[in-house]
Structures are given as structure tokens and as C-alpha cells.
Amino acid sequence: MGRNPWDDDPDLQMLRGRSSGPTRWGRVLGGILLVGVATFAGAYYLPLFRAHSTLTAEHRRAVDQIQTLAQSLSETKSELKTVTARKDELEAEKKKHESSAADSSSQLDSLKADLAGRLDKAAKKGLAQVSVGDGAVLVALADAALFTPHKLELSAPGKQLLCEVGKAAEKRQLVVSAADADETADAALTQKYPNAWALRAARAAAAADGLQSKCGATAQLIVKTPGGSAPGNSAFQGSKLPHVHLEFELRAPTR
């Protein structure tokens, strides 16, 4: 056979060399390996990466919620502490008030007993009475036990009775007022004053002046002269006291 003239063509020889041999298969295997790696990465690492991202986001939300709850708990504890402190203060004030009220009540009972002993003789004659009401010790003394007849001048026994009230009052507030019924008022005295109000004011003022000038009382004296009808304190209603009498309220001193 004759020689093929194409075998001597260098270009054809070069093309044949490139398209054959182990180099070509290496490239094919390399491409297959690259595709396999990409497929493996897409099938395994991509879902794993997405799951990791999802878990990370959920973890952040959980951390944020925990921080929010922790802050809320801290604020609630602070509010509870404030409320508890206020509650303790109110309970302490309540106990203090109850203790003060108990002490005040005890003092009033003690003062009432003291005055009842001082005015016992006049009380047995129906000319004096001691009671407790509205946070004060109340004393009622008949005009007949204090003043000379038809005058607003203290009698000797009247001065003694009045001074007993002043001594017991000490430095307390002592309110003096007059109670009466117009039809039982002293006729000789009613002629000297224009109306029952003026007469009541004069009687109360005479008693207050006696407490200060005759007895040297250190109490805070207040003269009260109500207008209109003056039936007296309800604590003495129904008693055997004469309608015409003076009333004394012994209260805690004012600052």
C-alpha cells in the first residue's frame, strides 16, 4: 500500500494528539468531580447553612425575649419593693394611730375619773356631771353651784368647784360655753341683758374670767357663745342637771 499523504500533515497530527490520551480523560474526570462536589455542596451544605441561619435567628429572638422578660421582672420586683415599703409605712402609721388613739382614750378615761372624784359631792347633789364625748372630757356645772343668786359672781363653793376643773385641765384646751332654756333663766339677770345670747355670753365669760383670775388656770381658755337655742351637749341630755348650766370641754392642747 502507498503512504497516506494526510499522515504527514503536521496540523492533523497536532489535533490527533490533543484529542486522545490520558489528558483528555483527566479533564473529563475533573469535570465530573467538580460537578459531584457542587452537587454535594448544594445537597448538603446549603440546607445546613440555611438551618444554621434559621437557628441563629431564633436564638437571637429567644435572647431578646429573655432580656425583655428579665427587664420586666426587674421592674416588677422594683414596683413590688416600692409597694411593700408603702404597705409597711401604712401599717406602721396605722399601728401608731391605733396606739395614739388607745393612749388618748386611756388619758381621757383617767382624766374623767380624776374629775369625777373632784366633783363627787356636787354630782351627788345633781349640780355636776362628768362625761366623755367627741375626743374630750366634758364637765357640766349648774349655775346655782357656781354663782351667787341673781348675780354672775362666783360663790365660795363655786370658786372651789371651778378651780378643781382648772387644776384638772392643766395645760389642755378648755372650752367654756353656756347652756340654758329661756323659760328657766334667772329673771333678775334677763333684765340686765338684751337677749338670751348676751346672757349666755356673760355667764361663760364670767366662768372663764374666774378660771384665769381666781384659779390661775394655765389651760388654753376659749369662750364659746352659740346663738339661738343652746340646749347643751348631747352627752348631758337626759341627765338630772338643771337646764341652766355651764359646760367645759377639756381637749388636747393645740400647738
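Is Asp209 buried, partly exposed or exposed? With a relative accessible area of 45%, Asp209 is partly exposed, because that value falls between the 20% and 50% cut-offs. Keep in mind that what you're looking at is a predicted model.

## Around Asp209

To find Asp209, look in helix H7, which runs over residues 196–214. Now follow the chain to Leu221, twelve residues from Asp209. The C-alpha atoms of these two residues are separated by 9.3 Å.

## The largest pocket

Next, the largest pocket, with a volume of about 290 Å³. Two elements give two or more residues to its lining: helix H3 (120–124) and helix H5 (156–169). H5 supplies the largest share, four residues.

What sort of residues make up this lining? Six are nonpolar, one is polar and five are charged. Among them are Arg118, Asp120, Lys121, Pro157, Gln160 and Glu164. Keep Arg118 and Asp120 in mind, as both come back below in salt bridges.

## Salt bridges one turn apart

The model has nine salt bridges by the rule used here. One of them brings together the side chains of Arg118 and Asp114, at 3.2 Å from N to O. These two residues sit four apart in helix H2 (residues 22–118), so about one helical turn separates them. Arg118 is partly exposed at 31% relative accessibility, and Asp114 is partly exposed too, at 32%.

Helix H3 has a salt bridge of its own, between Lys124 and Asp120, whose closest N and O atoms are 3.2 Å apart. Here again the partners are four residues apart, so about one helical turn lies between them. Lys124 counts as exposed because its relative accessibility of 69% is over 50%, whereas Asp120 is partly exposed at 32%.

## A link between distant parts

Which salt bridge joins Arg203 to another side chain? Its partner is Asp143, and the N to O distance is 2.6 Å. This pair links distant parts of the chain: Arg203 belongs to helix H7 and Asp143 to helix H4 (residues 143–146), with their positions 60 residues apart. Both Arg203 and Asp143 are buried.

Salt bridges can also share partners, and that's what joins Asp134, Lys224, Glu249 and Arg251 into one network.

Notes:
Residues are numbered from 1 along each chain as its sequence is written. This is a predicted model: local features need pLDDT of at least 70, side-chain atom pairs count only at pLDDT 80 or more; totals for chains, interfaces and linings use all residues. Side-chain values use heavy atoms; hydrogens and water are left out. On a 1 Å grid over the protein atoms alone, a cavity is a set of points where a 1.4 Å probe fits but cannot get out, and a pocket is an open set with protein on both sides within 12 Å along at least five of seven lines; lining residues have an atom within 4 Å of a point. Grid points are joined across faces, edges and corners, and a volume is the space filled by probe spheres set on the points. Ala, Val, Leu, Ile, Met, Phe, Trp, Tyr, Cys and Pro count as nonpolar, Asp, Glu, Lys and Arg as charged, and the others, Gly among them, as polar. Buried means under 20% relative accessible area, exposed over 50%, partly exposed in between (1.4 Å probe, protein chains only). A salt bridge is a side-chain nitrogen of Lys or Arg within 4 Å of a carboxyl oxygen of Asp or Glu.
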